[in-house]
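Got your viewer open? Load the coordinates, switch to cartoon, and keep the selection box handy.

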Amino acid sequence: QVQLVESGGGLVQTGGSLRLSCAASGSAISVNSMGWYRQAPGKQRELVATITQLKNTNYADSVRGRFTISRDNAKNTIYLQMNSLEPEDTGVYYCNARIWSASTYSLGDYWGQGTQVTVSS
């Protein structure tokens, strides 16, 4: 019954900005690490950024310095602020979360449905 809902994707010009959001919901859940992944057409999914419960962050080399991942633990929500966007950033962005669920008494990885980001030249 755990769900991840993403929002904020869209079409922007080179150099523009977007802010993605991902909210985790479910009964009696504890959200541990979360992150963003992306997949361009014809390419494999790749890690963009991750953030732990204590807000330690990790970024792919291609986005470091341009993207910022953050989280609001009270809302079980993460954000991805994307600045200085380039056409190479185009793809479907997926939210991922490692969540403990009391309903299943298990720790597992969950994925959102994805949100499209398109950067035009």
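Let's start with a quick one: is Phe-67 buried or exposed? Select Phe-67 and turn on a surface before reading on. This is a predicted model, by the way.

Phe-67 is buried, with a relative accessible area of 3%. That sits well under the 20% cut-off for calling a residue buried. You'll find Phe-67 in strand 7. Now show what Phe-67 touches, skipping neighbours within four places in sequence: the list is Arg-38, Val-48, Tyr-59, Leu-80, Gln-81, Met-82, Asn-83, Leu-85, Asp-89 and Tyr-93. Put a distance on one of those partners: the C-alpha atoms of Phe-67 and Asn-83 are 6.0 Å apart, with their positions 16 residues apart in sequence.

**Zoom out**

Colour by secondary structure. There are 11 strands and 0 helices, so the globule comparison is a fair next check: the radius of gyration is 14 Å, close to the 14 Å the globule rule gives for 121 residues, which makes the protein as compact as a globular protein of that length. If you draw a box along the principal axes, the C-alpha atoms fill roughly 45 × 25 × 20 Å.

A few whole-protein numbers while you're out here. Buried residues are 39% of the 121. Among contacts with a separation of 6 or more, 56% join residues 24 or more positions apart. The protein exposes about 6500 Å², and carbon and sulfur atoms supply 47% of that. Colour by charge and you'll count 10 positive and 8 negative side chains, with the centres of the two sets 6 Å apart.

**Into the core**

Next, select Trp-36, Leu-80, Met-82 and Tyr-93 as sticks. In the largest nonpolar core, which has 29 residues, these four touch the most other members. To see who else chips in, highlight strand 3, strand 4 (29–39), strand 5 (46–51), strand 7 (67–72), strand 8 (77–82), strand 9 (91–101) and strand 11 (115–120): each gives two or more residues to this core. Leu-80, Met-82 and Tyr-93 should look familiar, as they were among the contacts of Phe-67.

**Ser-21 and Val-5**

Go to strand 3 (residues 18–25) and pick Ser-21. What does Ser-21 touch, beyond residues up to four places away in sequence? The answer is Val-5, Glu-6, Ser-7, Trp-36, Ile-78 and Tyr-79. Ser-21 counts as buried because its relative accessible area is 17%, under the 20% limit.

Follow that contact across to Val-5, in strand 1 (residues 3–7). Val-5 is partly exposed, at 48% relative accessible area. Outside its close sequence neighbours, Val-5 is in contact with Ser-21, Cys-22, Ala-23 and Gln-113. For a longer ruler, run a C-alpha to C-alpha distance from Val-5 to Asn-56: they are 22 Å apart in space and 51 residues apart in sequence.

**Two loop stops**

Finish with backbone torsions. Select Asn-76, in the loop between strand 7 and strand 8. Asn-76 isn't a glycine, yet its phi is positive, about 50°. Asn-76 is partly exposed, with 21% relative accessible area.

Then hop to the loop between strand 8 and strand 9 and pick Ser-84. Ser-84 has a positive phi of about 50° too, again without being a glycine. Its relative accessibility is 41%, so Ser-84 counts as partly exposed.

Notes. Residues numbered from 1 in each chain as written. Predicted model: local features only at pLDDT ≥ 70, side-chain atom pairs only at ≥ 80, totals over all residues. Heavy atoms only, no water. Helix = DSSP H or I, 4+ residues; strand = E, 2+ residues; numbered from the N terminus. Rg over C-alpha atoms; globule rule 2.2 N^0.38 Å. Buried < 20%, exposed > 50% of the residue type's maximum accessible area, 1.4 Å probe, protein only. Contact = heavy atoms within 4.5 Å. Areas by Shrake-Rupley, 256 points an atom, 1.4 Å probe, with all protein chains shown as cover. Lys, Arg positive; Asp, Glu negative; His and termini not counted. Charge placed at Lys NZ, Arg CZ, Asp CG, Glu CD. Core = buried A, V, L, I, M, F, W, Y, C linked by side-chain atoms within 4.5 Å.
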